Amino acid sequence: MGDRGIDPLNMNGQNFDADRYLEKVLKECSLKEIMDKEANIVRETQTLHSDMQTLVYENYNKFISATDTIRKMKTDFKKMETEMNLLASNMNSITVFSEQITTTLQDTRQQLSKLSGKHSLLKRLQFLSTLPAKMKTLIEEENYAQAVQDYAHAQKVLEQYGHQPSFQGIQEDCRAIVAEMKQKLKGDFQAAGQTAQSLTRTGELLLQLGEKPSDLAKEMLQSANQRLHEQIVMLQDQTDRDMIEFVDLGLDGFLKDLNLVVSSYKDMFLTRMIEQERDDFTEIATEDLNQFVQRNMDKYMAMVQDRVEAEMGRGDSQVMLRALDRLHRRLLAMGSLCRSIDMTKTGIEIVINAAHQLCKSHFKTLKEHFGDRMSSVRLALVTTRSDSITPSFNELISNLYFSTVEKVKGVLQDLLVFLQPDWSFNLKSNYKGSLCVDGIRENLLVAFIHHIIEVMMSFCSVNSTSPPNLLLVLSKTCLEMDQVGIHALMSLVDDLYEIESENSTTLTHESELCAEMRDAAQALLDTFVRMQGLNISQMLRKSVETRDWLNCLEPRSVRAVMKRVVEELNTIESVLNGLYDSGTRTAASSDSSRKTHFSLSAQKQQFRSNWSTYTPSQLESSFASNFHRLFSERIEIFSSVEFSKVSIVTGIIKISLKTLLECVRLRTFSKFGLQQIQVDAHYLQMNLWKFVSDENLVHFLLDEILGSAVHRCLEPILMEPNAVEIICERS
């Protein structure tokens, strides 16, 4: 930059040398380049001239205005200088006159000052002389604040000059009046009817009159305690008001007074320096205040808790929670009064207890509702049976299942009001509150499901007098709960209350409840099978025990009891048709309903021979029957059945035929008695095969029955198969 500034060939520099520049251009440039440079220089020169003209034109008016301003300033400064000189002259004259006046009035001013002091002293003396009378008047008017103020204004003067005779009488009168005023103030301070505001004002006046702060603090808490107790007694009598009005009365009465007492107590005894007390006064006063607040809050919260328990189940939960929310908000606002006391803790505990109480109330309601629905189902079954009308079992099951599930859903929705985000309390953020939410799941839903299972299992007793169809309805209901209901309810409660139950080690898992509910369904179904089997067995047992088998006539028909057995089984199957699937059964032979009983035995000659080919002596020594029992498959008579129509009816038939077998083994038969058993067995064979899962089971049990009859027969001669078929077809 510096080299460029001193370069003689730089046109824009201060040291530009036109001759040298021209000489350089002529040497280095061609004619055309010289002409271009000339044109360029001409253009730049014209541009500079134009810019200079524009600049001069734009600033011309400013130059003229600046010139006029400078000229005017010169004139104004000349005038100002003249005025300043005049002002200085006037100030000098004023100073001279002021000194003259001060000198003249100095004596008068001193006299005025003395007179003013005497006037002030006379006013004070007048105030002191009229003070006793004025204080009496103020006390009679109960204007204690003004009386104390006047006495405090004169107290220092009386203490300083009270030994003088002229002031001694005034001082004694004032002391007597103050003592009387103290007694009245203490009486008001200890009176039970005092409000917290008047109590605070009275305490302030007593402090100003020199009362000992420690004694006054104790008296203040005692008086306030009595007043707050009256508030609680008054609230306990407000049983006709709803929960919101009850809480509002407590907020505007008890808590407001407590708040004012605590604030006044702090202002009077804790925030100010009290010199006449010992050093630990503040600590003692603070501890007394905390105990006072804790004791009264415990009483108030206990009363609120009792009211919540009394309201439980009687009114709307939303109304109760709105009231508790107002109470909790006030407790939050009061938290700064006594920081050593957790005001909101008790409020949260009341809400949690309310949730527990509501859970108990709803749990009781659910049990009553379920009991009513069970009674309705039982009544419907009894009514339809007496009216000879086939009941709609699916409708009964649906009503019992859906009414129970919907009732539980309604209860869960009702309890969800505790977790609304509008409330000032948050149960999920509190440890006890979180346990309370889990308790809704465990102590309400899970406990109710256990109650359902317990009620269902109570019908599985051997001595139960319940109708068998009721067991069938309950078993199917339990199965629906296992397959659909439990999952729906557990998922609902987990979603509504945001409960992480999958990874929890303390919460009951859905699979456990489903397993228990399925066990209940199985137990009810097994009980149904046993009861129906025992009902048919009772008919068969009576038919065997009441007949004289040694004096029977030649059989001409199937006994009526066998027809009744088949009719009962048809009725049971018709009931099961709409409730359970058919189930699986082994393929039946084409002649199952036509062949005679011992055509089957003929097919099994490797195990036993035809009873008709044996003489009585041969029958006694025959091992065919026993050999077959050794190698035949064991039949479980009372085993659990599957949830299918075939399995249920098969279980009933097994119990019935097993009973018939045991009854036959205890009787002795003649030839015709044996043949009657043969006809009955063939009739059962013709009709029972279609009910069971495996017709070989029926064949085996009927073989056992007829074999036992042959063993117990005095003349074991069987009827011809064709004759048996004719009798059965005719029947």
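Helices here are DSSP runs of H or I, at least four residues long, numbered from the N terminus. The model shown is predicted.

**View 1. Glu662 and Arg665 meet in a salt bridge.** The closest contact is 3.2 Å, N to O. Both residues belong to helix H20. Three residues separate them along the chain, so they sit about one helical turn apart. Glu662 is partly exposed, because its relative accessibility is 33%. Arg665 is also partly exposed, with a relative accessible area of 31%. The bridge is part of a network: salt bridges with shared partners join Lys658, Glu662, Arg665 and Glu704. Across the structure, the count comes to 19 salt bridges.

**View 2. Lys24 pairs with Glu28 in helix H2.** This salt bridge brings N and O atoms to 3.0 Å at their closest. Helix H2 covers residues 18–28. Lys24 and Glu28 are four residues apart in helix H2, so about one helical turn lies between them. How accessible is Lys24? Its relative accessibility is 35%, so Lys24 counts as partly exposed. Glu28 has a relative accessible area of 56%, so Glu28 is exposed.

**View 3. Asp36 and Lys32 form a salt bridge in helix H3.** The closest N and O atoms are 3.5 Å apart. Four residues lie from one partner to the other, about one turn of the helix. Asp36 is partly exposed, at a relative accessible area of 42%. Lys32 counts as exposed, at 58% relative accessibility. Lys37 also lies in helix H3. Lys37 is partly exposed, with a relative accessible area of 36%. The C-alpha atoms of Lys37 and Val25 are separated by 9.1 Å. Along the chain, Lys37 and Val25 are 12 residues apart.

**View 4. Seven residues make a nonpolar surface patch: Met73, Phe77, Met80, Met84, Leu87, Met91 and Ile94.** The patch has an area of about 710 Å². Met80 is one of its members. Met80 sits in helix H3, which spans residues 31–140. Is Met80 buried, partly exposed or exposed? Met80 is partly exposed, because its relative accessible area is 46% and the partly exposed class runs between the buried limit of 20% and the exposed limit of 50%.

**View 5. Phe370 and Phe448 form an edge-to-face aromatic pair.** A search of the whole structure finds five aromatic pairs. In this one, the ring centres are 6.2 Å apart. The ring planes stand at 90°, so the pair is edge-to-face; the cut-off for that class is over 60 degrees. The pair links distant parts of the chain, 78 residues apart. Phe370 is in helix H11 (residues 343–386), and Phe448 is in helix H13 (residues 431–458). Phe370 counts as buried, with 2% relative accessibility. Phe448 counts as buried too, with 3% relative accessibility.

**View 6. Tyr580 and Phe643 form a stacked aromatic pair.** Centre to centre, the rings are 6.5 Å apart. The angle between the planes is 25°. This pair also links distant parts of the chain, 63 residues apart. Tyr580 lies in the loop between helix H16 (560–577) and helix H17 (597–603). Phe643 lies in the loop between helix H19 (624–631) and helix H20 (645–665). Both Tyr580 and Phe643 are buried. What sits over the ring of Tyr580? The charged end of Lys476 does, 5.0 Å from the ring centre.

**View 7. The charged end of Arg547 sits over the ring of Trp549.** The distance from the ring centre is 5.3 Å.

**View 8. Cys460 has no disulfide partner.** A disulfide is a covalent bond between the sulfur atoms of two cysteines. How many disulfides does the structure hold? The number is zero. Why is Cys460 unpaired? The closest cysteine sulfur, in Cys478, is 8.3 Å from the sulfur of Cys460, so it is too far for a bond. The cut-off for a disulfide is 2.5 Å between the sulfur atoms. Cys460 is buried, with a relative accessible area of 14%. Another cysteine, Cys713, also counts as buried, at 10% relative accessibility.

Key. Residues are numbered from 1 along each chain as its sequence is written. This is a predicted model: local features need pLDDT of at least 70, side-chain atom pairs count only at pLDDT 80 or more; totals for chains, interfaces and linings use all residues. Side-chain values use heavy atoms; hydrogens and water are left out. Patches are made of residues with over 30% relative accessible area and no salt bridge: like charges are joined within 9 Å, nonpolar side chains (Val, Leu, Ile, Met, Phe, Trp, Tyr) within 5 Å. Accessible areas come from the Shrake-Rupley method with a 1.4 Å probe; for residues, only the protein chains shown count as cover. A salt bridge is a side-chain nitrogen of Lys or Arg within 4 Å of a carboxyl oxygen of Asp or Glu. Helices (H or I, at least four residues) and strands (E, at least two) are DSSP runs, numbered from the N terminus. Buried means under 20% relative accessible area, exposed over 50%, partly exposed in between (1.4 Å probe, protein chains only). Rings of Phe, Tyr and Trp (its six-membered ring) pair if their centres lie within 6.5 Å; planes under 30 degrees apart count as stacked, over 60 as edge-to-face and the rest as tilted. A charge sits over a ring if NZ of Lys or CZ of Arg is within 6 Å of the ring centre and within 35 degrees of the ring normal.
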